[in-house]
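Colleague: Could you walk me through how to read a model like this one? I am happy at the bench, but less so with structures.

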Amino acid sequence: MQFIETRGNDGKKPSSVPFSEAILSPSASFGGLYVPEKLPDLDKDFLNKHLSSHYKTLALDFLQSFDIDIETEVLEEALKRYDAFDDPSNPVPLVQIEEDCFVSELYHGPTRAFKDMALQPFGYILSNLAQKRGENYLIMAATSGDTGPATLETFKDQANIKVACLYPDGGTSDVQKLQMVTEDADNLKVIGVKGNFDDTQHTLKELLASEDFKAELKERNIHLTAANSVNFGRIIFQIIYHIHSYLEMVRSEKIAMGDKIYLVVPSGNFGNALGGYYAKKAGLPIEKILIASNINNILTDWITTGTYDITERELILTESPAMDILKSSNIERVMFDKFGGERTKELMEALNSDGKYQLSADELASLQEDFVATFSNDEEGEDVIAKYAKKDYIMDPHTATCMKAYETLREEKLPAVIYSTAEWTKFSSTVSKSLGHAVNDDIEALKWVNEHANVSVPPMITGLFDKPVKHTVVVDKKSIKGEMLNFL
Ligand SMILES: *Cc1c(COP(=O)(O)O)cnc(C)c1O
């Protein structure tokens, strides 16, 4: 299987590359992304064959049907990372919360957010490739709170990879910050940046574009790569749990094989939703994908009106920070799939130069064949959290945005799988507040919710508060380059 480029080819890069190349050097011509030339077939035979498969067995067969240039033994080793999830026999449990509403919990990995689903196996594969090639890679990540911990965790002590992670000081939850600053490994560097997430991201972009920083890397023989969801190596793992969740529904006799369901996805960069879209396209019986956002509702506009316009928008900080986003990178892959490379390039260039674009009526209709969308604000989210706590189900504020989509967007009376992207323990202050008890910090919130809502706090969260802090550096923007070069 070869991978092609969403904005066409510039004549300097190869016009198609194997999987290994697409994940080591994820930026394609004209600033585009890599996508697979075609998708494997998730027909009834494939689904029936995996009705009683373990998650890892399903995953291995799916990855092999993609025909990627990674050896079976390496894939098997990578998938063993799921053995460290809460229940090795089923890393992604499905929980019923309404007659026709099921929560697929994607957060049972080491950092308690769904980023582990893809980053865990991906980290193993990337390091293995780097070792085989005898090359050294640097991954730089700016994080608003979930990507950072998951990236550090997957690459810690992995040969031939270094990770530098920038976070906005004061812009993450206590737990998220502790997850980063207590990571102890020589190949990891964590730097707090004075400013908000936008400043942090901007600082990173400037550094990555600077010629003398690139020259310094070259001199040290270090390649740059990315581990965010522009990297297809993450997307490929995000298709699998959609198949798994469908099979769980069949296994528990909530649906019959072939019946259609809705997926509800709390979305930011659209990697999770894109995985669902690819699964649907490959043949998984999905009626539609419901996209849930917070008040940074650019995706709601895009899907309901075909307008993508960031000129009048300012990023608003919410209680679901992983979805506080204005430029959602993976919708480009959907547009490429539907409208082709030439049109995608035109639209993405319009976004870069004018800050906006408008889809045609036909294009919008095509988008709406697969997606519908809505958004909720923080108060609505808190109400949802309180409502389900009364029914003995504790959800985090990102997951909570799904409930309005579930309640208002289904055109058919079909069951829905909603995706829970984080454990409540990462956003305990918001959860505590929603249950009527405002707190000053996460320790207090974790304790209160634990005592009042009959939910436990896992050891990797409680343990954080006793772990020694290894990374104390907080700098202003202009000192980052120096910090980085010191580390390298
Ligand atoms: C990253 C993240 C999201 C957004 O996922 P995308 O794939 O970027 O759309 C939603 N919720 C949580 C908790 C996350 O960490």
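Modeller: Let's begin in the loop between strand 10 (261-266) and helix 11 (271-282), where Phe 270 lies. Keep in mind that this is a predicted model.

Colleague: Is Phe 270 buried or exposed?

Modeller: The idea is to look at relative accessible area, and under 20% is called buried. Phe 270 has a relative accessible area of 2%, so it is buried. Its backbone is worth a look too: phi is positive, about 70°, although Phe 270 is not a glycine.

Colleague: What surrounds the ligand?

Modeller: For that, one asks which residues have a heavy atom within 4 Å of the ligand. There are 15 of them here, and Phe 270 is among the closest, together with Lys 115, Asp 146, Gly 268 and Asn 269. Sorted by class, this shell holds 6 nonpolar, 7 polar and 2 charged residues.

Colleague: Which atoms of Asp 146, Asn 272 and Thr 421 come close to polar atoms of the ligand?

Modeller: Here you check pairs of N or O atoms, with a cut-off of 3.5 Å. Asp 146 uses its side chain, with an N or O atom 2.6 Å from an oxygen atom of the ligand. Asn 272 uses a backbone N or O atom, 2.9 Å from a ligand oxygen. Thr 421 has a polar side-chain atom 2.8 Å from a nitrogen atom of the ligand. As for cover, the ligand on its own has 390 Å² of accessible area, and the protein covers 96% of that.

Colleague: Let's step back to the whole chain. How does the radius of gyration compare with that of a compact globule?

Modeller: You set the value for the chain against one expected from its length. A compact globule of 488 residues would have a radius of gyration near 23 Å, and the protein has 21 Å, which agrees. The C-alpha trace spans about 60 × 50 × 50 Å along its principal axes. Within the protein there are 21 helices and 16 strands, and 59% of the 488 residues count as buried.

Colleague: What share of the contacts joins residues at least 24 apart in sequence?

Modeller: Counting contacts between residues at least 6 apart in sequence, 74% join residues at least 24 apart. Thr 225, in strand 9 (residues 222-225), gives you a case to look at. Once neighbours within four places are set aside, its contacts include Ile 23, Leu 24, Leu 126, Tyr 137 and Asn 231. The side chain of Thr 225 also reaches the backbone oxygen of Ile 23 at 3.4 Å. With 8% relative accessibility, Thr 225 counts as buried.

Colleague: How should I read a helix?

Modeller: An α-helix has 3.6 residues a turn, so residues three or four places apart point the same way. Take helix 3 (residues 55-65): its buried residues are Tyr 55, Leu 58, Ala 59, Leu 60, Asp 61, Phe 62 and Leu 63.

Colleague: What covers those buried residues of helix 3?

Modeller: Other helices take part, including helix 2 (44-49), helix 4 (72-79), helix 5 (115-133) and helix 10 (232-251). After helix 3 comes Asp 67, which has a positive phi, near 55°.

Colleague: Where does Asn 454 lie?

Modeller: Asn 454 lies in the loop between helix 19 (442-452) and helix 20. Its phi is positive, about 60°, and Asn 454 is not a glycine. With a relative accessible area of 67%, Asn 454 is exposed. Thr 462 sits in helix 20 itself (residues 459-462) and is partly exposed, at 42%.

Colleague: I have one more loop in mind. Is Ser 376 buried or exposed?

Modeller: Ser 376 is buried, with a relative accessible area of 4%. Its place is the loop between strand 14 (371-375) and helix 15 (378-390). Not counting residues up to four places away in sequence, Ser 376 touches Ser 293, Asn 294, Ile 295, Thr 401 and Lys 404. Set beside it Asp 362, in helix 14 (residues 361-368): that residue is exposed, with a relative accessible area of 66%.

How values were computed. Residues are numbered from 1 along each chain as its sequence is written. This is a predicted model: local features need pLDDT of at least 70, side-chain atom pairs count only at pLDDT 80 or more; totals for chains, interfaces and linings use all residues. Side-chain values use heavy atoms; hydrogens and water are left out. A polar contact is a pair of N or O atoms within 3.5 Å; within protein, one must be able to donate a hydrogen and the other to accept it, and residues adjacent in sequence count only if both atoms are side-chain atoms. Accessible areas come from the Shrake-Rupley method with a 1.4 Å probe; for residues, only the protein chains shown count as cover. Ala, Val, Leu, Ile, Met, Phe, Trp, Tyr, Cys and Pro count as nonpolar, Asp, Glu, Lys and Arg as charged, and the others, Gly among them, as polar. Helices (H or I, at least four residues) and strands (E, at least two) are DSSP runs, numbered from the N terminus. The radius of gyration is taken over C-alpha atoms; the globule rule is 2.2 Å times the number of residues to the power 0.38. Buried means under 20% relative accessible area, exposed over 50%, partly exposed in between (1.4 Å probe, protein chains only). Contact means heavy atoms within 4.5 Å.
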